[in-house]
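Let's take a friendly walk through this protein model. Keep the 3D view open as you read.

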Amino acid sequence: MKLKPEALDSHLRKQLAPVYLLCGDEPLQLLEAADSVRNIAREAGYTERTLFEVKRGFDWDTLLAEGSSMSLFAERRILEVRIPSGKPGRDGSAALAEWLANPPPDTLLLLVLSKLEASQRNTKWFKAIDKAGVVVQVWPVTGRSLQQWMKHRAQMSGLQLDDIALQLLVQHTEGNLLAASQELEKLRLIHGEGKVSVERVASAVSGNSRYTPFEMVDTALAGQGGHALHMLAVLRAEGVAMPVLLWALARDIRLLVELATNAAAGGSPDTVFNRHRVWEQRRALLGHAMRKHTLAEWQQLLSLVARIDNAIKGGAEDQWVLTESLLAGIAGYFLEAVS
């Protein structure tokens, strides 16, 4: 029987199968699925656990021998077999088929593998597990699903994050669910449960840096280009991820483009500020910065944001050099590199 990861706990609470196969290349989901099987099995009396790590030269007869032996310490036990390669090989396939033909009583077999190839899912041993037990395949979480996963995870931790804060965490962790889970736990430990502002999220993901990305952007907006570049160098040296820096820069540049567009049409800046819920103390700073460039120039700076994003994703340009040009542009210096 095949189950989705989110359906595993519900199944385990109802019944325990003699064998579980957990596979996939997303470490956190795989780890938590294995934890769920172990924990609920332990509650059901499977208090003894033996672990096998399948490496080159592993003797599968040891697993069969263990299965046929009597437990000395508990009536029920878990035999856990980890196969990092995802391929049990010919001997392993034969051993698993033999095991599944006559599973030992009061013994739960837990197999943890990396991502299975399509050919593996057509083997005799896999089909036998699918028939006699449970197969759980985990997949990387991407796109809109990633932000939904992050939101649900935050709620489980007692945290309330708005969409902007969630987007920042998604960009910072780059789809690594384990890293995302650790960042959320860090936020909970630092700020406690409840609502956490995007500024606090940015500060947390910046680690122990002397500066935050928001402080760097505000320094550039104030026209202090040299100090802003110094802050960028410090943040880089301290290992703050470029996606976090770019997120903070892009947020305000998009806002400045909107302000410049609104001003060109004769509108009031308060209309834009109110729509984006800009704090009162930042309105003067942004309004002053907006007047340093024309709308066309702010749009060019926004196009530079796209070039930096492309560089982060493997493009040929140097992301740090481009970011220096972007900061200088925000501060009021329209360098040739920006054009």
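Right after helix α7 comes glycine 175, and its phi is positive, near 85 degrees. This is a predicted model, so treat each value as computed. Helix α7 itself spans residues 163–173, and its buried residues are Ala165, Leu166, Leu168, Leu169, Val170, His172 and Thr173.

Now turn to strand β2, residues 19–24. How many of its six residues are buried? Six of the six are, which leaves the strand mostly covered. In a regular strand the side chains alternate between the two faces of the sheet. In β2, one side carries Val19, Leu21 and Cys23, while the other carries Tyr20, Leu22 and Gly24, and both faces are covered.

Which strands pair with β2? The table shows two partners, β5 and β6.

| Partner of β2 | Residues | Sense | Bridges | Residues standing opposite |
|---|---|---|---|---|
| β5 | residues 107–113 | parallel | five bridges | tyrosine 20 and leucine 110 |
| β6 | residues 134–138 | parallel | five bridges | leucine 22 and valine 136 |

Next, look at the nonpolar cores. The largest one has 65 residues, and the members that touch the most others are Leu161, Leu187, Met216 and Leu326. Helix α12 (residues 242–264) gives the most to this core, with 14 residues. A second, separate core has 24 residues, including Leu64, Leu96, Trp99 and Leu113.

Which residues does leucine 326 touch, not counting residues up to four places away in sequence? Its contacts are Leu249, Ile253, Leu301, Leu304, Val305 and Ile308.

Terms used:
Residues numbered from 1 in each chain as written. Predicted model: local features only at pLDDT ≥ 70, side-chain atom pairs only at ≥ 80, totals over all residues. Heavy atoms only, no water. Buried < 20%, exposed > 50% of the residue type's maximum accessible area, 1.4 Å probe, protein only. Helix = DSSP H or I, 4+ residues; strand = E, 2+ residues; numbered from the N terminus. Pairing = 2+ DSSP bridges. Core = buried A, V, L, I, M, F, W, Y, C linked by side-chain atoms within 4.5 Å. Contact = heavy atoms within 4.5 Å.
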